[in-house]
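Let's take a friendly tour of a protein fold, one piece at a time. Have the sequence and the 3D view open while you read.

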Amino acid sequence: MLPKDQWYVAGWSEQLGPSGLVARRFLNEPVVLFRTAQGVLHAVEDRCSHRAMPLSAGEVVGDAIRCPYHGIEFDGRGTCLRIPSQDRIPPTAGIRSYPVVEQDDIIWIWMGDPALADPTAMPRHPWHRDPAWSSYYDYYHAECHWQLLMDNVFDLSHLAYIHPRTIGGDPAAHFGAQMETRLTEKGVMVDRRLPNCEPPVTYVAAKGFKGRIDRWQEIEFDPPVIRIWSGGCDVGTGAYEGKRDHGFSLLGLHAFTPETDRTSHYFWTMSTNILDPELAARIFHQTKVTIGEDIPVVKMQQQRIDDDPSRRLIDIASDAGGVQARRVIAALAEAEAKRAQSRAV
Ligand code: FES
Ligand SMILES: [Fe+2]
């Protein structure tokens, strides 16, 4: 079961300018996000109450979204404001709206019970706006259940096989990585260390490493997002003692928002301490290529799983973080089911 009572990433602020709109399905529900001419963001169901026309095919007019079929207008709360062909507005003309919050250049949406939507409860990601980092925002559509994407980022032993041309680097270093998994207040943290290894292609291009490096990969599940801190410093120069400013740092934000039970939105950003715009652009391009390499993999997995969903999958040692993350999600879903049950009694 999918937890509904939590904030999900619905997009990046930069993607939606004044009077803009975007149609996206979240947790099986069609939603249209729109921004008023004054810049206020809203999310309502993408279905007109009159004849079910998708409102996303219409346009934003001032504070309202207008259906393209017969011109009915709705505000950001889903209230029907105007029916051009008559004065009377039937009491059932309204549509559903969803709480949205914009913070750290991220658009958050709450698909569950609106009464539970605490507008301060989502994870923060201040690095997007930190001048010590440059950031890039992007998106992939993935034809798989979102938990396959979670597994993908938690089990980084796939880097050596799927990403040898970019961030993979030295396969032996990946298999010999020192790994520690622990539970955090809300989620899971996986610390992976790859000491004294050959720098991957991306790292050499970014920082010009001449010799071997100490690498780190720290995967942090802060529901519902995952941050991957990674990078490298020349061997023995402080990578594992918190002295990393002189090295190469990457911070990836990976947000998997379920679209349907079998498809997902993969919102991602990449931030780096490399501020030179040309160099940073190359890093972002390589990240795009890297994540793009995962998209066909998860699709193929999903196809095989769908052949017989009852078959079990085995876990290996490098899945430790992913397995913990699944438990965290299961606990969230269970707590939500209990709440629903106690309301029903
Ligand atoms: S279907 Fe929207 S106005 Fe008729
Ligand atoms: Fe990958």
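Here is a short briefing on the sheet, its helices, one histidine and some aromatic rings. Keep in mind that this is a predicted model. At its heart for our tour is an open sheet of 7 strands, paired in the antiparallel sense. Helices α6 and α7 both come up again below, since α6 packs on this sheet and α7 lies across β12, β13 and β14.

**The sheet**

- Going across the open sheet, you meet the strands in the order β11-β17-β16-β15-β14-β13-β12.
- The edges belong to β11 (134-142) and β12 (178-183): each has a single partner strand, so one side of each has no neighbour in the sheet.
- From one strand to the next, the twist averages 15°.
- What holds strands of a sheet together? In general, strands pair through backbone hydrogen bonds, and they can do this in a parallel or an antiparallel way.
- For a close-up, look at β13 (residues 188-197) and β14 (residues 213-222), an antiparallel pair with 8 bridges.
- One spot to find there is R193, whose bridge partner in β14 is W216.

**The helices on the sheet**

- Helix α6 (residues 277-307) touches β11, β16 (248-258) and β17 (264-272), and its direction makes about 20° with that of β11.
- Does the length of α6 come out long, short or as expected? At 1.5 Å a residue, its 31 residues should span 45 Å, and the end C-alpha atoms are 46 Å apart, which agrees.
- Several residues of α6 are buried, including A280, I283, F284, T287, T290, I291, D294 and V298.
- When you look at that list, it helps to know that an α-helix has 3.6 residues a turn, so residues three or four places apart point the same way.
- Helix α7 (residues 320-344) runs at about 10° to β12.

**A histidine in the sheet**

- H254 sits in strand β16.
- Is H254 buried or exposed? Its relative accessibility is 7%, and buried means under 20%, so H254 counts as buried.
- The side chain of H254 makes a polar contact of 2.7 Å with the side chain of Y266.
- Leaving out residues up to four places away in sequence, H254 touches V153, V225, I226, I228, Y266, F267 and I291.
- Two of those names turn up elsewhere in this briefing: I291 is one of the buried residues of α6, and F267 belongs to an aromatic cluster.

**Aromatic rings**

- How many aromatic pairs does the structure hold? There are 13.
- W12 and F267 make an edge-to-face pair, with 6.0 Å from centre to centre and 80° between the planes.
- W12 is in strand β1 (residues 7-12) and F267 is in β17, so this pair ties together parts that are 255 residues apart in sequence.
- Both W12 and F267 are buried.
- Y140 and W268 are stacked instead, at 6.3 Å centre to centre with 20° between the planes.
- That pair also links distant parts of the chain, with Y140 in β11 and W268 in β17, 128 residues apart.
- Y140 and W268 are both buried too.
- W12 and F267 also join Y137 and Y139 in one aromatic cluster.

**Strand β1**

- In β1, 6 of the 6 residues are buried, so the strand is largely enclosed by the rest of the structure.
- Strand β1 pairs with β10 (residues 106-110) in the antiparallel sense, over 5 bridges.
- To spot this pairing, find Y8: its bridge partner in β10 is I109.

Conventions
Residues are numbered from 1 along each chain as its sequence is written. Chains are lettered from A and ligands numbered from 1 in the order in which they are written. This is a predicted model: local features need pLDDT of at least 70, side-chain atom pairs count only at pLDDT 80 or more; totals for chains, interfaces and linings use all residues. Side-chain values use heavy atoms; hydrogens and water are left out. Two strands pair if DSSP finds at least two bridges between them. Helices (H or I, at least four residues) and strands (E, at least two) are DSSP runs, numbered from the N terminus. Axes are lines fitted to C-alpha atoms, for helices over the stretch in contact, and angles run from 0 to 180 degrees between N-to-C directions. Contact means heavy atoms within 4.5 Å. Buried means under 20% relative accessible area, exposed over 50%, partly exposed in between (1.4 Å probe, protein chains only). A polar contact is a pair of N or O atoms within 3.5 Å; within protein, one must be able to donate a hydrogen and the other to accept it, and residues adjacent in sequence count only if both atoms are side-chain atoms. The expected span of a helix is 1.5 Å times one less than its number of residues. Rings of Phe, Tyr and Trp (its six-membered ring) pair if their centres lie within 6.5 Å; planes under 30 degrees apart count as stacked, over 60 as edge-to-face and the rest as tilted.
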